[in-house]
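Hello, and thanks for asking for a second pair of eyes on this one. Here are some notes to read alongside the structure.

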Amino acid sequence: MISADRSVVAGERGPFYYMLESFARHWERVDVIGTRPERVVSLQPFPNVHLHHPTSGKLAQAGFIARTGRRLCAERPYAVMTSHDYNPFYNGWGAWRIARATGTPWIAEIHHVPGHPRAANLRERLDRRVTRHYVRWAARRA
């Protein structure tokens, strides 16, 4: 799973934590590739759930995702991977690179569409267009 959630690695028990708790009951192993957290409390909230977070910023995020995902896929086979996608879509770009390199099926989850149903400003209108372009691109690949 490729997500921008930083709460679990920081030791917080919110919705993402409880989702991972449920996943831990059903899968042998769950790996989550995340973004740089402000603090790290736990990289393994459950015995079979492993969190992988970079120390670099968002500009290097897609590369971190791709490298980490390829390394994990070389260690064990995965049935599927999901990316939680929102503008600027580095999770999806990284997931696509993993899927292309390893053949692991990829599911793109669009988590936010700026400007929908109505754009509040110029930024949301631009972001809505970027999102539309990404969705078309990902729909052919994911």
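1. A word on terms before we start: buried means under 20% relative accessible area, exposed means over 50%, and partly exposed covers what lies in between. At 45% relative accessibility, Glu75 therefore counts as partly exposed. Please keep in mind that this is a predicted model.

2. Let me stay with Glu75 for a moment. Which residue forms a salt bridge with Glu75? Arg71 does, and the closest N and O atoms of the pair are 3.2 Å apart. Both residues lie in helix H2, 4 residues apart, about one turn of the helix. Arg71 has 41% relative accessibility, so Arg71 is partly exposed as well.

3. Helix H1 (residues 15–26) has a pair with that spacing too: Arg25 and Glu21 both lie there, 4 residues apart, about one turn of the helix. Their side chains meet in a salt bridge at 3.9 Å, N to O. A salt bridge here needs a side-chain nitrogen of Lys or Arg within 4 Å of a carboxyl oxygen of Asp or Glu, so 3.9 Å falls inside the cut-off. Arg25 counts as exposed because its relative accessibility is 60%, whereas Glu21, at 27%, counts as partly exposed.

4. In helix H4, Asp127 and Arg123 form a further salt bridge, with 2.9 Å from N to O. These two are separated by about one helical turn because they are 4 residues apart in H4. Is each partner buried or exposed? Asp127 is buried, at 12% relative accessibility, while Arg123 is exposed, with a relative accessible area of 57%. Back in the other group, salt bridges that share partners join Arg71, Glu75 and Arg76 into one network. The structure holds 5 salt bridges in total. As a general reminder, side chains of opposite charge can pair when their charged atoms come close.

5. Now to the inside. The largest nonpolar core has 17 residues. Ile2, Ile33, Ile65, Met81, Ile98, Trp106 and Tyr134 are the ones with the most contacts inside this core. Helix H2 (61–75), helix H3 (90–102) and H4 each supply at least two of its residues. Which element gives the largest share of this core? The answer is H2, with 5 residues.

6. Helix H2 is also the place of Leu72. With 3% relative accessibility, Leu72 counts as buried. If you like to compare sequence with space, try Leu72 and Ile2: they are 70 residues apart in sequence and 12 Å apart in space, C-alpha to C-alpha.

7. The backbone deserves a look in the loop between strand E3 (81–85) and H3, where Pro88 lies. A cis peptide bond joins Asn87 and Pro88, with omega about 20°. Phe89 sits in the loop between E3 and H3, and although Phe89 is not a glycine, its phi is positive, about 65°. Phe89 counts as buried because its relative accessibility is 2%. For context, most residues other than glycine have a negative phi, and most peptide bonds are trans.

8. Where is Pro117 found? It is in the loop between E4 and H4. The peptide bond that leads from His116 to Pro117 is cis, with omega near 10°. I would suggest viewing this bond together with the one from Asn87 to Pro88, which is cis too.

9. On the surface, a patch of positive charge gathers Arg129, Arg132, Arg136, Arg140 and Arg141. Of these, Arg141 has its place in the segment after helix H4 (122–139). Arg141 counts as partly exposed because its relative accessibility is 35%.

10. My last point is a nonpolar patch on the surface, formed by Ile110, Val113 and Val135. Together, these residues have about 190 Å² of accessible area. Ile110 is found in strand E4 (residues 106–110), and at 36% relative accessibility Ile110 counts as partly exposed.

Note on methods:
Residues numbered from 1 in each chain as written. Predicted model: local features only at pLDDT ≥ 70, side-chain atom pairs only at ≥ 80, totals over all residues. Heavy atoms only, no water. Patch = residues over 30% accessible without salt bridge, like charges linked within 9 Å, V, L, I, M, F, W, Y side chains within 5 Å. Areas by Shrake-Rupley, 256 points an atom, 1.4 Å probe, with all protein chains shown as cover. Lys, Arg positive; Asp, Glu negative; His and termini not counted. Charge placed at Lys NZ, Arg CZ, Asp CG, Glu CD. Buried < 20%, exposed > 50% of the residue type's maximum accessible area, 1.4 Å probe, protein only. Core = buried A, V, L, I, M, F, W, Y, C linked by side-chain atoms within 4.5 Å.
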